[in-house]
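Hello,

Here is the structure I promised to pass on to you. Please open it next to this email, and I will walk you through what turned up.

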Amino acid sequence: MDNPLESGTSFLHQLDPRIRIMCAVFLSFAAALSHHPQVAGGYLILGLVLVKLGQISRQDLSPRIKPLLWFLLMIWVLLPLTFSQEIIAGAGWFKVSMAGIRLSAMISLKSMAIVLIFTALIATMPLASLGKAMHQLHVPDKLVFLLLMTYRYIFVIREEYLRLLRAARFRGFCPGTNLHSYRTFAFLAGMLFVRASLRARRVYQAMLCRGFARTFYTLDVYLPNRWNPLFFVGMLTAGFCMTLIDMLWMYS
């Protein structure tokens with residue numbers, strides 16, 4: 001699947017992939033562990049700044065945000081009704097809790113911030129560059145291979161599933177909530193696993209025939225420049241400052 005974010009020429013596209021990976025992981029963990037909505041909002045603003053630096057258009061950002069918005073909508077519908085403390089409105093069993101609203105707001109701010117940070121720093125690099133950078137950062141090879149192969153072939157497996165489902169419908173299969181439909185989907189899942197296993201074996205043999213020796217190669221060149229350390233120090237400073245503010249508010 002083509003990624004339109006890889007071909008940009010923005011400031012972020014020129015940074016070393018290793019710097020971007022380390023910054024994305026650090027900022028995401030810091031945002032996820034924050035306790036106050038003001039701090040989580042700060043990470044959200046930082047994510048928006050990174051998206052601006054990456055020159056990511058609204059059209060390219062929307063497909064990555066929409067699934068998250070559906071999840072957050074479910075959170076906002078369920079959580080305010082599941083808490084029994086700080087009831088602000090309700091009648092009978094229908095009660096809206098301020099504690100649930102606060103938790104929903106924190107989840108929304110954190111998840112939006114993390115998605116924006118990863119979109120700006122990780123999604124803007126080619127897959128080969130990501131694998132090479134992870135390899136240079138001494139991430140275990142098996143984990144890197146699993147990540148890259150999963151991303152590369154998840155769309156192939158999806159096409160295989162759609163082909164099997166299309167063949168079943170040509171034979172008169174009509175999905176429903178009955179035992180026959182459940183059995184048919186179980187057969188489809190089994191066939192999908194069998195075909196995925198056979199394809200994985202063929203891909204592995206093809207890689208060995210082409211001399212694959214657990215080394216990542218990429219044609220993308222990232223020349224050393226003065227912005228790499230400045231960006232790294234700037235992101236670490238921003239993360240540490242917001243973490244310090246969060247800790248001071250938590251223990252004050």
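Is H138 buried or exposed? H138 is exposed, because its relative accessible area is 72%, and exposed stands for anything over 50%. Before going further, please keep in mind that this is a predicted model.

**Two loop residues with positive phi**

You will find H138 in the loop between α5 and α6, the latter covering residues 141-170. The phi angle of H138 is near 65 degrees, a positive value in a residue other than glycine. Q55 is another non-glycine residue with positive phi, near 55 degrees. Q55 sits in the loop that runs between α2 (37-53) and α3 (58-82). With a relative accessible area of 61%, Q55 is exposed.

**Around T124**

Next, please turn to the loop between α4 (98-121) and α5 (127-136), where T124 is placed. T124 has a relative accessible area of 1%, so this residue counts as buried. Which partners does the side chain of T124 reach? One is the side chain of R20, in a polar contact at 2.9 Å. Another is the backbone oxygen of A120, which the T124 side chain reaches at 2.7 Å. If you set aside the neighbours within four places in sequence, T124 is in contact with L5, E6, H13, R20, I56 and T119. R20 therefore appears both in that contact list and as the side-chain polar partner of T124, whose burial is given by the 1% relative accessible area.

The helix that precedes this loop, α4, has 24 residues. From its first C-alpha to its last, α4 reaches 35 Å, close to the 34 Å expected at 1.5 Å a residue. At the start of α4, a side-chain oxygen of S97 comes to within 3.2 Å of the backbone nitrogen of A99.

**Aromatic pairs**

How many aromatic pairs does the model hold? The count comes to 4. One of them joins F11 and F231: the ring centres are 6.0 Å apart and the planes meet at 65 degrees, so this pair is edge-to-face. F11 belongs to the segment before α1 (17-32), while F231 is in helix α8 (residues 227-251), so the pair ties together parts that lie 220 residues apart in sequence. Their surroundings are also worth a look: F11 is partly exposed, at a relative accessible area of 27%, whereas F231 is buried, at 6%.

A further pair is formed by F26 and F240, and this one is tilted, with 5.2 Å from centre to centre and 50 degrees between the planes. This pair, too, links distant parts of the chain, as F26 is in helix α1 and F240 in helix α8, 214 residues apart. F26 counts as partly exposed at 22% relative accessibility, and F240 is exposed with a relative accessible area of 52%.

Finally, have a look at W227. Ring pairs link F11, W227 and F231 into a cluster. R226 lies over the face of W227, at 4.4 Å from the ring centre.

If you would like a place to start on screen, I would go to T124 and its polar contact with R20, and then to the F11, W227 and F231 cluster.

Happy viewing, and best wishes

Terms used. Residues are numbered from 1 along each chain as its sequence is written. This is a predicted model: local features need pLDDT of at least 70, side-chain atom pairs count only at pLDDT 80 or more; totals for chains, interfaces and linings use all residues. Side-chain values use heavy atoms; hydrogens and water are left out. Helices (H or I, at least four residues) and strands (E, at least two) are DSSP runs, numbered from the N terminus. Buried means under 20% relative accessible area, exposed over 50%, partly exposed in between (1.4 Å probe, protein chains only). A polar contact is a pair of N or O atoms within 3.5 Å; within protein, one must be able to donate a hydrogen and the other to accept it, and residues adjacent in sequence count only if both atoms are side-chain atoms. Contact means heavy atoms within 4.5 Å. The expected span of a helix is 1.5 Å times one less than its number of residues. Rings of Phe, Tyr and Trp (its six-membered ring) pair if their centres lie within 6.5 Å; planes under 30 degrees apart count as stacked, over 60 as edge-to-face and the rest as tilted. A charge sits over a ring if NZ of Lys or CZ of Arg is within 6 Å of the ring centre and within 35 degrees of the ring normal.
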